[in-house]
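Reader: I am new to reading protein models and would like to go through this one slowly. Could you take my questions in turn and show how each answer is reached?

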Amino acid sequence: MIFRLNQSSGIPLYLQLIEQVKHAVETGALREGDQLPTIRKVAVDLVMNPNTVVRAYRELEHEGILDLKHGSGAFIKESAGGRARVLRKAQALVQSAMERLAPLGLTEDELRRVFENELAQSRTARQLEGKP
Amino acid sequence: MIDHIIETSQLTKSFQGQPALRGLDLRVPTGSIFGFLGRNGAGKTTTIKTLMGLLRSDGGTARVFGNPVSDADRSIEIRRRIGFVTEDKELYPYMTVEQIVRFTRPFFPKWRDDLEQRYLKMFELPPKKKIPDLSKGMRSKLMLLLAISRGAELLILDEPTDGLDPAATEDVLRELVAIAASEGTTMFFSSHQLSEVELIADYIGIIDQGKMMVAGSLDDMKAQYQRLQIVFPNSVELPTRWVPGVEHVRQEGRVLSILASHNVDAIIEQARSLPGTSVESFPVTLKEIFLEHVRSN
């Protein structure tokens, strides 16, 4: 089972499932055509609500990562690999930024805050421009 | 199919002048696993007994499968389609496990022999043992077996894991989830165990002093609720009025901790508008949401 849940984190369980599928695709643990466990199996193995698993799978389908075939299960979509390549490119950019940040001697938490702050800024900027 | 398998509106009930339900509004979506939370004496069992037609409300309406529970003609029909585990786990004391299963079976045309056999084995219920000689956990499992095997569309479970050890609790929860996944059964269950509710429920309702404090999709609730931690410099004068959505503010030194129930972006914006402050947001657990709603009263 590729999934594991962290109950005490407060993060909605369906989001945890979504993140874990995306992560598995990005790292190559899941590849095009791979089948995910059935909804019932995920629900029973992890002792969680089947509707929550459905919600995660639907959202992944909506994002173009999963292909839900009625009756036969959920499969990683061909195009999901393309997204993984883009993300690997982004990862390289972040890596070089990290190397340039290294001399400043920031802690991991500080780095995270700087990054999140930047995300929040660009979100606000987008909202002011009236874009989604 | 109806949207809400259980629907009550302004339900009231008093016992000897003591109000137990004060206008309870409850809507349980068909196909959901609904966790019904509240402190002892909040009105959970009164609600459940009213839904099963075991208590008559003083006012308001309660519908199950779209039918009013006060309608005596429909009441039996309703109960035939519900499986339940009551809080007191009371069963006929003179019967053995085997006898009560045999006694219950003919009342339910949709009885599932396969489920009966499966759970007899899995729960390791001794067929020849008399009910009073069973442990509390065994009685819970027996009631659950009787509730599940009747092929009910709706399971109403009052503290189903009460008295079970952690391993048995895990077994029961896993089976509930399996039933929901394969049969699409709606489950309405009350519990004190927030961690188990957090796992298996997709909808929750928090009752306090006979009123529904908050209800809805657990994931949506978790997405809306955030804890914000704001660090501000000494020079800053904090706002006396926050935008809507701020439920709770606690200040410790130069750190402000805010529990937001919705409108988080606007709250963050307001906090950021104070010069020199930094804002961080954290997800909120069900326990925090629960305590917020039952403590403030």
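Reader: Which helix of chain A gives the most to the nonpolar patch on the surface?
Author: This is a predicted model, and in it Val94(A), Met98(A), Leu101(A), Leu104(A), Leu106(A) and Val114(A) form a nonpolar patch on the surface, with about 500 Å² of accessible area together. Three residues of the patch come from one helix, which covers residues 80-101 and gives the most to it, and that helix is α4 of chain A.

Reader: Is Val114(A) buried, partly exposed or exposed?
Author: Val114(A), one of the residues of that nonpolar patch, lies in helix α5 of chain A, which covers residues 108-128. The range between 20% and 50% relative accessible area is called partly exposed. Because its relative accessibility is 48%, Val114(A) counts as partly exposed.

Reader: How are α2(A) and α3(A) placed relative to each other, oblique or parallel?
Author: Two packed helices are described by the angle between their axes and the distance between the axes. For helix α2 (residues 39-46) and helix α3 (residues 50-62) of chain A, the axes come within 9 Å and cross at roughly 130°. The crossing in which α2(A) passes α3(A) is right-handed. An angle between 115 and 145 degrees falls outside the other classes, and therefore α2(A) and α3(A) are oblique.

Reader: And in chain B, are α4(B) and α5(B) roughly parallel or roughly antiparallel?
Author: In chain B, the axes of helix α4 (residues 113-122) and helix α5 (residues 136-149) come within 9 Å and cross at roughly 165°. Since angles over 145 degrees count as roughly antiparallel, that crossing angle makes α4(B) and α5(B) roughly antiparallel.

Reader: What is the handedness of the crossing of α4(B) and α5(B), left-handed or right-handed?
Author: The angle of roughly 165° belongs to the same pair of axes, those of α4 and α5 of chain B. Handedness is a further description of this pair, and the crossing of α4(B) and α5(B) is right-handed.

Reader: Is Glu124(B) buried or exposed?
Author: Glu124(B) is found in the loop between α4 and α5 of chain B, and although it is not a glycine, it has a positive phi of about 50°. Its relative accessible area is 62%, and because the cut-off for this class is over 50%, Glu124(B) is exposed.

Reader: Where does Asn263(B) lie?
Author: Asn263(B) is a residue other than glycine with a positive phi, near 65°. At 34% relative accessibility, Asn263(B) counts as partly exposed. Its place in chain B is the loop between β13 (255-260) and α9 (264-272).

Terms used
Residues numbered from 1 in each chain as written. Chains lettered and ligands numbered in written order. Predicted model: local features only at pLDDT ≥ 70, side-chain atom pairs only at ≥ 80, totals over all residues. Heavy atoms only, no water. Patch = residues over 30% accessible without salt bridge, like charges linked within 9 Å, V, L, I, M, F, W, Y side chains within 5 Å. Areas by Shrake-Rupley, 256 points an atom, 1.4 Å probe, with all protein chains shown as cover. Salt bridge = Lys/Arg side-chain N within 4 Å of Asp/Glu carboxyl O. Helix = DSSP H or I, 4+ residues; strand = E, 2+ residues; numbered from the N terminus. Buried < 20%, exposed > 50% of the residue type's maximum accessible area, 1.4 Å probe, protein only. Axes fitted to C-alpha atoms, helices over the stretch in contact; angles between N-to-C directions. Parallel < 35°, antiparallel > 145°, perpendicular 65-115°, else oblique. Left-handed = near helix turned anticlockwise from the far one by under 90°.
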